[in-house]
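Me: I'm new to this structure and would like a close look at one part of it. Could you pick out a pair of charged side chains, walk me through where they sit, and then lead me outward from there?

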Amino acid sequence: MTSYALFLGCTIPARQPHYEISARKSLAELGIELIDLAGMTCCGPAPVQSIDLETSLSVAAYNITLAEEAGLNIVTLCTGCFESLAMTNTMLKKNKLLKEKVNRILSNAGREFKGNVEVRHYMQVLINDVGLHQLKKCVSKSLAGLKVASFSGCHALRPSGLLKLDDPERPHIFDDLIEALGAKSVWYRNKLKCCGGLLRGYADDVALAIAREKIVNTTKASADCIATLCPFCFLTLDMGQILMKSAYHEEHSMPILHYSELLSLSLGMNPRELALDFHKIKVDKVLDKLGYVQSVSTTT
Amino acid sequence: MDELKVGVFLSTCGNQLSKILDFDALMDFAKKIRSVVIVAKSSEYWRGEGLRTITETIRAGKINRVVVAESLPKLSEVNIVQAIEDAGLNPSLVEILDLKDHCAIPHKSTPSEAVAKAKAMILAAVEHVKLLEPVEKAEFYAVKSVLVIGGGIAGMQAAEDLADLGFAVNLVEKASFLGGLAARAGRFFPTDDCAICIQSPSSDVKTITHTSRKCVYRSGFTEIPNMKIYTNSRVTKVDGVPGNYKVTIEKKPRYVNEAKCVQCDLCTAVCPVEVPDEYNAKLNKRKAIYINVPSVYPPAYVIDDAACKFYDCAKCVQICPTGAVELNQQPEKIRINVGGIIVATGFQEYDPYVIKEYHYGDYPDVITNLQLARMIDSFGPTKGAVIRPSTKEPAKRIVMVQCVGSRDRRWNPWCSSICCMISLKHAILIKTAQPDIDITICYIDVRTTGREHEYYYEKARDLGIKFVKGRPTEILHDPEVNMLVVDVEDAILGKLLEIEADLVVLAPSLVPAEGARELSKILGIELDDDGFFKEYNAKLRPTETKMRGIFLSGGATFPKDAPTTSLHAHSAALKVSKFLSTGKIVKDKRIAIVKEEYCGDCEFCPVTCPYGAISLVQKDDEHFVAQVSDILCEGCGVCVGTCPVNAIELVNSRPDQMLVQMNALMSVKGTSKPLILAICCSECGHAAVDSCGMAMMEYPANVRVMKVPCTGILQVHQILEAFKVGAEGVMVVGCKTDGCHYEVGSEKAKRKVELTKILLREYGIEPERLEMINLVYIEGDKFAEAAKTMTEKLEKLGPLQLMKSL
Amino acid sequence: MAGMEKEELTNLQFSKEIKEHMGGETITSCYQCGTCASSCPVAKITERFNPRNVIRLALLGDRKKVLLGDAIWLCSSCYNCQERCPQEVEITDIIYVLRNISMKEGNMPNIYSEFAAGLLKEGRIVPMSKFLEKKRSDIGLPPLKPADVYSLRKILAATGFDKILQRKEEKVSL
């Protein structure tokens with residue numbers, strides 16, 4: 001049984017219980033123990049780094065020290081959290097002066113960054129701790145026939161020098177994971193391009209335009225759904241389609257599903273248990289294609 | 001031993017120095033020094049009457065050691081020493097000092113202090129010359145034979161020159177045919193000459209008797225006197241010394257007898273094997289038995305032994321009308337003896353596959369400049385047609401991308417120099433032949449620096465070729481219409497473009513040829529940080545490497561165009577010719593000598609010697625000692641500074657010889673200021689003191705200068721000795737650490753100075769009394785500044801308190 | 001007179017100032033090749049942002065336009081430009097530096113004030129929804145462990161984060 005300290009971040013508990021539930025359930029099913037630690041705060045992502053870099057590093061380091069204290073590696077569900085924590089972890093491990101600087105700040109809260117744990121995204125956990133082979137064996141309901149447009153988001157891949165998760169130009173891990181469930185990962189134009197999520201709140205029109213391109217390209221490629229790894233991307237693409245209705249007078253209905261939701265379905269879980277009604281764009285089409293009989297768009 | 005008889009000759013430089021220095025006092029002082037038998041002064045001693053006085057005195061047997069005070073010794077000593085040698089005295093038994101730029105001029109405001117320093121300098125020179133040993137010249141045999149590695153333009157040109165000059169030339173080429181990269185270029189810019197001519201060497205004799213000086217087309221197949229050509233061959237081992245290298249060449253079999261092959265081409269028709277054709281940059285396939293173009297050298301087919309099925313097939317053997325195919329040929333090992341080596345291995349295109357965003361290798365319609373050159377070449381696989389590899393249809397919309405992997409810190413940070421011209425050449429050739437083809441060139445900068453190169457750029461624009469200043473981020477492919485899309489910003493407009501193309505041509509970085517690193521190890525020469533062979537100094541010593549018998553020619557040092565390569569090749573041939581023409585290499589035996597009884601086989605000196613001149617040899621009782629190669633030793637003394645047990649010494653730079661100078665320089669005070677010893681290397685250090693005086697800068701006369709070959713010769717205890725004999729401060733003055741004329745000496749001296757400072761502190765002596773100064777020749781001001789600063793510092797610190805333990 | 005707008009190169013040493021910040025050290029390597037601009041998803045959609053242009057103005061010294069302008073807030077932090085830059089200029093990190101400098105001088109777009117306020121109040125930039133927190137057990141989720149806001153506030157005080165928000169509030173009230 002491999003154990004990890006689960007890092008949830010802000011967006012998932014605040015907005016996306018469906019992500020959390022599917023992740024918890026599927027990882028548990030695959031033999032990964034997720035431990036909730038008290039005290040975890042925001043990870044110190046891009047919005048905080050934009051205000052002050054030292055703050056974002058210190059906040060991220062603070063959260064890492066909680067895991068260090070518990071003797072656990074960290075797993076994140078959000079690639080934004082992954083980028084913030086993994087980048088900080090690597091930078092502080094490599095740069096002694098920087099580590100000392102951050103530790104001086106952390107000492108105000110009685111904490112010290114030691115640099116003895118790893119930060120992982122759950123995608124890495126699936127590949128390294130579970131393995132594609134084992135994963136395939138655990139699939140009880142194959143997603144064969146489903147055409148999935150994979151979208152890992154920027155911060156799973158870049159900056160590649162610090163994250164070292166996958167090849168930034170020819171990534172394949174996410175596609176391998178999707179195909180391990182029996183689905184097909186389809187090509188679509190500008191697959192690796194950003195969703196524009198971080199511009200929401202400052203320039204909503206620009207963010208929406210960028211998100212729209214993704215919806216249009218995946219629709220053109222005849223994808224049944226988009227698979228995401230990040231709650232920000234999810235929000236931008238899912239809620240975004242509702243906004244596109246009023247902004248562009250366009251009807252889009254591209255279901256957006258987190259990988260963990262697809263994973264949960266393939267492991268045989270009942271869609272009712274997955275809080276799928278929190279999706280703004282209904283996922284009925286996907287469930288129909290996969291042969292689920294009842295509609296799950298109403299909460300029980 | 002003969003009694004020492006020292007003659008001291010002081011030049012007054014046309015009486016100018018006598019205005020500052022009291023020459024009578026100096027001469028009186030000199031007369032009193034033991035072993036000095038003659039003291040004289042004159043206006044000049046480096047030529048004319050003065051020089052004759054010296055040589056006559058020698059011939060008359062009156063003196064056997066000479067001390068001359070003359071101006072600009074680094075220049076004047078050549079004449080003086082030559083004359084002395086002609087007069088019959090060993091030229092090493094001479095010491096020349098500079099009372100002008102090292103004494104009178106910089107200290108002219110303090111004449112009495114200057115005189116005191118002059119006395120110290122004369123005393124040091126006399127005491128030093130008394131300890132000097134005669135140094136003989138050594139002659140090393142030089143074979144008048146040359147090895148040229150690489151059969152492209154550079155190799156062939158240099159080989160041709162040397163063969164014409166009468167040297168025995170061995171030209172070794174790793175490919176099966178001569179010609180190198182240039183032969184595949186199609187045409188040469190900026191004249192658009194055909195490149196295919198560069199397939200075989202020619203002799204100048206022929207071009208003088210024929211009228212065609214421009215074309216070399218018809219000159220290749222005769223035997224060139226003095227030249228042996230080995231194709232399909234590599235150099236695998238090089239032993240020996242400059243002038244006498246023992247080289248091993250390994251020749252792969254051609255499996256075709258060159259004397260019998262008539263190039264009928266029947267064999268390729270029956271050969272069942274097809275492999276990608278590297279000659280045509282893999283645009284097409286060739287058979288296992290093949291020839292590149294009809295006019296190659298050697299004029300015979302060759303079998304690719306990795307592809308051939310040999311006796312499982314042997315169809316070519318059966319069909320060959322002259323029985324030229326010999327599948328049982330064996331590899332050969334050839335050993336030759338040469339005096340000099342020229343490396344002409346050229347360069348190659350970087351494989352852009354690694355630059356994944358450009359999708360070279362993923363999309364067949366993304367090609368390189370070399371592939372385009374092969375297409376444009378009418379001898380090439382498409383007979384001159386520029387086509388899309390994916391459809392074989394003619395290309396109509398071409399986009400060229402420059403700097404692919406060049407000027408890129410992630411791959412190759414350098415500018416590859418000729419790719420702008422190559423791409424312009426291709427664009428002009430295509431557009432001239434087919435004006436309706438649309439061509440756009442995406443660039444960061446356009447570099448057209450050579451003669452007439454800019455007119456290429458003009459012509460390209462006149463023809464309507466478009467230029468976008470922007471480096472594409474990615475090349476995309478639209479599968480629905482099978483078109484490529486180049487994603488680029490026009491940085492001048494600030495607009496993002498998506499340029500559609502059916503063919504994209506990348507201009508990849510140009511990198512050293514395959515095998516360069518292994519070859520550098522075999523030859524013992526260095527590569528620079530970019531992986532090219534390191535030229536010793538491109539301005540002062542072009543084509544030379546650090547190893548005296550090994551030279552470089554052509555693109556092996558850095559990508560070059562054909563005219564520059566040709567120039568470089570001629571230069572290399574000239575250099576080698578000068579090196580070997582007399583059949584011997586003459587050298588002063590001013591070298592390092594090992595005192596074997598002390599050598600502890602610690603391996604420090606072989607590892608430190610920048611010239612690889614020291615090796616370890618096994619003695620009878622099986623222990624190892626260091627041994628110095630007479631011919632390779634450059635006389636720097638860095639080994640001496642490295643040896644922990646003083647088991648190695650440099651001729652005429654022994655510790656006792658240095659100590660006697662230090663003593664003498666400190667013995668005549670004549671000033672209330674604290675005495676400083678400046679130990680200067682004979683290159684930048686001592687030269688900076690010269691330039692200081694030449695520029696009429698002043699500094700205090702308490703600074704006394706002693707010259708050493710390289711600051712790397714210094715041992716920690718020698719620096720401490722200086723303090724013991726009266727120096728209150730010591731300056732070690734050497735070249736900049738990244739510019740040491742002996743590579744590592746300055747760096748090592750710096751380290752030693754740091755260690756000595758630690759020891760000084762332990763001894764209770766202020767470590768600021770010791771400094772290292774790194775400068776170049778023209779930084780005389782830096783030397784003057786340092787002298788003044790240290791004097792002030794020492795005055796503040798007060799007199800040196802030496803502990804009894806020291 | 002109507003015509004081309006002149007750039008105000010008020011601070012010729014602006015690049016030096018940027019280089020002194022962590023993440024800004026590489027700005028002077030830029031040779032304006034435009035790879036970043038063509039890699040940028042935002043530049044593709046709007047002319048309001050062009051990373052090459054931002055670096056250009058910063059290098060030339062138009063400090064005012066860069067720090068007070070709209071452009072630096074439009075980077076979506078996708079890091080595509082930084083990945084592709086042939087001179088390894090850390091473009092995205094430089095934009096963070098420019099934001100930091102601008103923030104310290106009191107310029108904070110509203111959305112960031114919200115984030116900052118959330119962080120100081122609850123330890124989260126996206127505030128927790130009470131409704132959802134109650135619903136967790138219905139969905140089958142374990143209770144959410146509370147954030148240690150007390151410790152976080154100590155850290156935010158040590159870095160001066162709270163002062164940055166204050167500066168913005170002061171500027172707004174002027």
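Reply: Let's start with B:Lys130 and B:Glu127, whose side chains meet in a salt bridge, with N and O 3.3 Å apart. Bear in mind that what you're looking at is a predicted model. Both residues belong to helix α5 of chain B, which covers residues 111-131. Because they are 3 residues apart in that helix, about one helical turn separates them. And is B:Lys130 buried or exposed? B:Lys130 is buried, because its relative accessible area is 16%, and the cut-off for buried is under 20%. As general background, side chains of opposite charge can pair when their charged atoms come close.

That pair has plenty of company: over all chains, the structure holds 69 salt bridges. Another one in chain B joins B:Arg447 to B:Asp445, and here the closest N and O atoms are 3.9 Å apart. B:Arg447 counts as partly exposed, at 31% relative accessibility. B:Asp445 is also put in the partly exposed class, at 28%.

For a bridge that links distant parts of the chain, go to B:Glu596 and B:Lys619, where the N to O distance is 3.0 Å. These two are 23 residues apart. You'll find B:Glu596 in the loop between β31 (592-594) and α15 (604-608), while B:Lys619 is in the loop between β32 (614-618) and β33 (624-628). B:Glu596 is partly exposed at 32% relative accessible area, and B:Lys619 is partly exposed at 29%. Salt bridges can also share partners: A:Glu20, A:Arg24, A:Asp36 and C:Arg136 are joined into one network that way.

Since that network takes us to chain A, let's stay there for a bit. Chain A has 14 helices and 8 strands. Its 300 residues give a radius of gyration of 19 Å, which agrees with the value near 19 Å for a compact globule with that many residues. Along the principal axes, its C-alpha atoms fill a box of roughly 55 × 45 × 40 Å. Of those 300 residues, 63% count as buried. Take the contacts in chain A with a separation of 6 or more, and 77% of them are between residues 24 or more positions apart. The chain exposes about 10,600 Å², with carbon and sulfur atoms supplying 50% of that area.

Two spots in chain A are handy for getting your bearings. One is A:Ala28 in helix α2 (residues 17-29), which is partly exposed at 46% relative accessible area. A:Ala28 and A:Met1 are 27 residues apart along the chain, and their C-alpha atoms are separated by 9.6 Å. The other is helix α7 (residues 122-130), where the buried residues include A:Tyr122, A:Val125 and A:Leu126. Right after α7 in chain A comes A:Gly131, with a positive phi near 90°.

Now for the nonpolar interior. In soluble globular proteins, nonpolar side chains tend to be buried together. Here, the largest nonpolar core has 157 residues, and A:Tyr122, A:Leu126, A:Leu146, A:Tyr259 and C:Leu98 are the ones that touch the most other members. Helix α4 (residues 53-70) of chain A gives the most to this core, 9 residues. Apart from this core lies another, of 132 residues, with B:Ala344, B:Cys605, B:Ala613 and B:Ala647 among them.

C:Leu98 is a good way into chain C. Leaving out residues up to four places away in sequence, C:Leu98 touches C:Phe14, C:Ile18, C:Val54, C:Val66, C:Leu67 and C:Ile72. Chain C has 11 helices and 0 strands. Its radius of gyration is 20 Å, whereas a compact globule of 174 residues would have one near 16 Å. The C-alpha atoms of chain C fill a box of roughly 65 × 40 × 35 Å along the principal axes. Buried residues make up 58% of the chain, and carbon and sulfur atoms supply 56% of the roughly 8,100 Å² that chain C exposes.

Let's finish back on chain B, at the surface. A nonpolar patch of about 570 Å² is made there by B:Leu72, B:Leu75, B:Met694, B:Val776, B:Tyr777 and B:Ile778. B:Ile778 lies in the loop between β38 (770-774) and α21 (780-797), and counts as exposed at 69% relative accessibility.

How values were computed: Residues are numbered from 1 along each chain as its sequence is written. Chains are lettered from A and ligands numbered from 1 in the order in which they are written. This is a predicted model: local features need pLDDT of at least 70, side-chain atom pairs count only at pLDDT 80 or more; totals for chains, interfaces and linings use all residues. Side-chain values use heavy atoms; hydrogens and water are left out. Patches are made of residues with over 30% relative accessible area and no salt bridge: like charges are joined within 9 Å, nonpolar side chains (Val, Leu, Ile, Met, Phe, Trp, Tyr) within 5 Å. Accessible areas come from the Shrake-Rupley method with a 1.4 Å probe; for residues, only the protein chains shown count as cover. A salt bridge is a side-chain nitrogen of Lys or Arg within 4 Å of a carboxyl oxygen of Asp or Glu. Helices (H or I, at least four residues) and strands (E, at least two) are DSSP runs, numbered from the N terminus. Buried means under 20% relative accessible area, exposed over 50%, partly exposed in between (1.4 Å probe, protein chains only). A nonpolar core is a set of buried Ala, Val, Leu, Ile, Met, Phe, Trp, Tyr and Cys residues joined through side-chain atoms within 4.5 Å. Contact means heavy atoms within 4.5 Å. The radius of gyration is taken over C-alpha atoms; the globule rule is 2.2 Å times the number of residues to the power 0.38.
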